[in-house]
Amino acid sequence: MISTRLREPSTATTPIPRANSLAVDVYEAIFNQLMSLKIAPGARITVDNLVREFNVSHTPIREALGRLEGEGLVVKQHLVGYRAAPQITRHRFDELYELRLLLEPAGAAKAAQAMDEEKLAILTEAAGVMTRSDNRDERANYSAFARNDAIFHDRIMEFAGNQLIREMLAFQHTHFHIFRLMFHRRVTEEALGEHQTLLDAFAARDPGAAADAMRIHIEHSRDRLLPAFDDI
């Protein structure tokens, strides 16, 4: 089993703010718990428990769980209910990184060729290098980075201009699954530096540098997360 060093879940309630759509807020709250491993891979997710924890009705909970199921983070079992998706296996992990190394460096090179100021601004915002959070809630910061990282890589593939490859990578929900392997500050801090290197290559409109930066980023990401399998 993969070690996640989880603490026992708190029984305290976590009220959800009502300023935005309630279903969106509930979704974000559960997403944060899944990404930060507060809800362990494979753990049962009880709707009634979430209703009590967040002090909301069943409807936004079920809407949020349905959305998370579509993203591959939650599994619904007939007559059983919901569980957090199981952790990816080492074999699946290796396959995902092999796929990424085949496709994403070439995509980064094409994105660099098509780069303009508007696209660069979009990538800069998604990369997160200019918006390092001062929030002391490391779990919230970690899940926010996981989402931004997925957006950053998806936008690069969008600007590369191959919609089929973009959809294939998005369908794997790669970033959500790999970030559930390990909850650690190093995963985000080092990745932010690598994002800056990618942005520099895009700003220079340098396809070769962009491809190299993406390849190194993916290889380093793989190496950072491999220790999650040490206890298997």
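Colleague: What makes Leu101 in α4 the site of a kink?

Modeller: In this predicted model, the bend is the angle between axes fitted to the seven residues ending at a residue and the seven starting there. At Leu101 in α4 there is a kink of about 30 degrees, and the proline Pro105 follows shortly after.

Colleague: How do you know what span to expect for α4, residues 90–113?

Modeller: The expected span is 1.5 Å times one less than the number of residues. Helix α4 has 24 residues, so the expected value is 34 Å. From its first C-alpha to its last, α4 reaches 35 Å, which is close to that value.

Colleague: Why are Phe93 and Leu96 of α4 called buried?

Modeller: Buried means under 20% relative accessible area. Phe93 and Leu96 are among the buried residues of α4, so each falls under that cut-off. Others in the list include Tyr97, Arg100, Glu104 and Pro105.

Colleague: Arg100 is also named in the lining of the largest cavity. What makes a residue part of a lining?

Modeller: A lining residue has an atom within 4 Å of a cavity point. Arg100 lines the largest cavity, so Arg100 meets that condition. Asp149, His153, His175 and Arg224 are also among the lining residues.

Colleague: Why is this space called a cavity and not a pocket?

Modeller: In a cavity a 1.4 Å probe fits but cannot get out, while a pocket is open. Rolling a probe the size of a water molecule over the atoms shows where empty space is left. The structure holds one cavity of 30 Å³ or more, and the largest cavity has a volume of about 70 Å³.

Colleague: Which helix gives the most to the lining of the largest cavity?

Modeller: That is α10, with four residues. Helices α6, α8, α9 and α10 each supply at least two. By residue class, the lining divides into five nonpolar, four polar and three charged.

Colleague: How do you know that β2 and β3 pair?

Modeller: Two strands pair if there are at least two bridges between them. β2 (residues 74–77) and β3 (residues 81–84) have four bridges, so they count as paired, in the antiparallel sense. One of the bridges joins Lys76 to Tyr82 in β3. The two strands form a hairpin with three residues between them, and Leu79 in the turn has a positive phi of about 65 degrees.

Colleague: What makes β1 and β2 edge strands?

Modeller: The open sheet has the order β1-β3-β2. β1 and β2 each have a single partner strand, so one side of each is left without a neighbour in the sheet. β1 pairs with β3 over two bridges, in the antiparallel sense, and Arg44 stands opposite Arg83 in β3.

Terms used. Residues are numbered from 1 along each chain as its sequence is written. This is a predicted model: local features need pLDDT of at least 70, side-chain atom pairs count only at pLDDT 80 or more; totals for chains, interfaces and linings use all residues. Side-chain values use heavy atoms; hydrogens and water are left out. Buried means under 20% relative accessible area, exposed over 50%, partly exposed in between (1.4 Å probe, protein chains only). On a 1 Å grid over the protein atoms alone, a cavity is a set of points where a 1.4 Å probe fits but cannot get out, and a pocket is an open set with protein on both sides within 12 Å along at least five of seven lines; lining residues have an atom within 4 Å of a point. Grid points are joined across faces, edges and corners, and a volume is the space filled by probe spheres set on the points. Ala, Val, Leu, Ile, Met, Phe, Trp, Tyr, Cys and Pro count as nonpolar, Asp, Glu, Lys and Arg as charged, and the others, Gly among them, as polar.
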